[in-house]
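Q: Hey, I've just opened this one and I'm new to it. Can you walk me through it?

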Amino acid sequence: KLIIIILRPFFYSRVIGAETVKPQKDNSFIFTCNHGELWGPVVTNLFVPFSFRPWAIDEIAAPDESSTYLYDNTVKRQKWIPEKLKWPATKLVTAFLKWVMRSLDSIPVYRDNPRALVNTFRQTANAMEAGDNILIFPENPNDKSLDQPGYLKEGVGEFFNGFAMVAQIYHQRTGKRAQFYPLFADKKHHTITFGAPTT
């Protein structure tokens with residue numbers, strides 16, 4: 001909570017449409033948001049007025065891989081960072097990010113390991129049964145439509161479509177229909193907009 005208070009002035013975003021989210025007794029929401037490099041994950045955690053457990057790719061959780069992942073998908077494309085400082089900056093941000101992910105009780109996503117990915121879905125269904133909302137960033141940073149690998153700075157990239165399986169597992173276990181609420185984190189206009197839900 002202290003970190004949220006400190007960071008909010010630097011990433012201020014106005015939340016639009018949160019009033020359309022109608023909490024339901026004994027039912028959980030799945031929020032989906034664009035990545036916008038690091039912008040989406042940061043501002044959703046700072047400003048979305050609902051509790052949730054976020055998905056986090058396993059590379060962020062693995063010490064030997066997380067720095068390389070963050071460097072390849074975000075930092076090396078930042079022209080404002082001098083080349084000789086990009087790797088040290090990556091290491092610094094990675095250490096902080098891993099601590100944050102642990103603090104948020106994030107759910108690891110093993111998207112390159114189908115067998116391990118089953119555990120992601122199981123953990124998510126368990127969390128939803130316990131009443132937790134979920135936050136997912138389903139964009140594919142390696143989609144063939146991209147000029148270069150990485151998350152788009154603006155707009156929304158192509159999705160991994162497997163994330164929707166969470167709703168099927170949740171329904172099989174509980175008989176309840178999951179509600180997906182799309183969010184759009186707009187760095188240019190400093191807004192987070194809630195869209196209409198899909199059940």
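Q: What radius of gyration does the protein have, and what would a compact globule have with 199 residues?
A: Keep in mind that this is a predicted model. The protein has a radius of gyration of 17 Å, and a compact globule with 199 residues would be near 16 Å, so the two agree. Along the principal axes, the C-alpha atoms fill a box of roughly 55 × 40 × 35 Å.

Q: OK, and how many helices and strands are there?
A: The protein has 7 helices and 7 strands. Reading from the N terminus, the order is α-β-β-α-β-α-α-α-β-α-β-α-β-β.

Q: How much of the protein counts as buried?
A: Of its 199 residues, 45% count as buried. The protein exposes about 11500 Å², and carbon and sulfur atoms supply 57% of that.

Q: What share of the contacts with a separation of 6 or more comes from residues 24 or more positions apart?
A: That share is 69%.

Q: And charges? How many positive and negative side chains are there?
A: There are 24 positive and 19 negative side chains, with the centres of the two sets 4 Å apart.

Q: Let's get into the strands. Which ones pair with β6?
A: Strand β2, residues 29-33, pairs with β6 in the parallel sense over 5 bridges. In that pairing, Phe-29 stands opposite Gln-179. Strand β7, residues 191-194, runs antiparallel to β6 and is joined to it by 4 bridges. Over there, Phe-184 stands opposite Thr-193.

Q: Is β6 mostly covered or mostly open?
A: Mostly covered: β6 spans residues 179-186, and 6 of those 8 residues are buried.

Q: What's in the hairpin of β6 and β7?
A: It has 4 residues between the strands, and His-190 there takes a positive phi near 55°.

Q: Why point out a positive phi?
A: Because most residues other than glycine have a negative phi. His-190 is a residue other than glycine, yet its phi is positive.

Q: Is His-190 buried or partly exposed?
A: His-190 is partly exposed, with a relative accessible area of 32%.

Q: Which other non-glycine has a positive phi of about 55°?
A: Glu-37 does. You'll find Glu-37 in the loop between β2 and α2. Glu-37 is buried, with a relative accessible area of 7%.

Q: Since you mention α2, why is it called largely enclosed?
A: Helix α2 covers residues 39-47, and 7 of its 9 residues are buried, so the rest of the structure largely encloses it.

Q: Which residues of α2 are the buried ones?
A: They are Trp-39, Gly-40, Pro-41, Val-43, Thr-44, Leu-46 and Phe-47. Their cover includes α1, β1, β2, β5, β6 and β7.

Q: What does Ser-13 touch?
A: Setting aside neighbours within four places in sequence, Ser-13 is in contact with Trp-39, Val-43, Phe-47, His-190, Thr-191 and Ile-192. Ser-13 sits in the loop between α1 and β1. Ser-13 is buried, with a relative accessible area of 2%.

Q: And Val-48, where is that?
A: Val-48 is in the loop between α2 and β3. Val-48 is buried too, with a relative accessible area of 10%. Not counting residues up to four places away in sequence, Val-48 touches Val-43, Leu-183, Ile-192 and Phe-194. The C-alpha atoms of Val-48 and Ile-136 are separated by 13 Å, and these residues are 88 apart along the chain.

Q: Let's move on to β3. How many of its residues are buried?
A: 5 of the 5, so β3 is largely enclosed by the rest of the structure.

Q: Which way do the side chains point there?
A: Arg-53, Trp-55 and Ile-57 point one way from β3, while Pro-54 and Ala-56 point the other way. In a regular strand, side chains alternate between the two faces of the sheet.

Q: Last one: which strands pair with β3?
A: β3 pairs with β5 in the parallel sense over 2 bridges, and Pro-54 stands opposite Leu-135 in β5. β3 also pairs with β4, residues 107-109, in the parallel sense over 3 bridges. In that pairing, Ile-57 stands opposite Val-109.

Methods: Residues are numbered from 1 along each chain as its sequence is written. This is a predicted model: local features need pLDDT of at least 70, side-chain atom pairs count only at pLDDT 80 or more; totals for chains, interfaces and linings use all residues. Side-chain values use heavy atoms; hydrogens and water are left out. The radius of gyration is taken over C-alpha atoms; the globule rule is 2.2 Å times the number of residues to the power 0.38. Buried means under 20% relative accessible area, exposed over 50%, partly exposed in between (1.4 Å probe, protein chains only). Contact means heavy atoms within 4.5 Å. Accessible areas come from the Shrake-Rupley method with a 1.4 Å probe; for residues, only the protein chains shown count as cover. Lys and Arg count as positive and Asp and Glu as negative; His and the chain ends are not counted. The place of a charge is taken as NZ of Lys, CZ of Arg, CG of Asp or CD of Glu. Two strands pair if DSSP finds at least two bridges between them.
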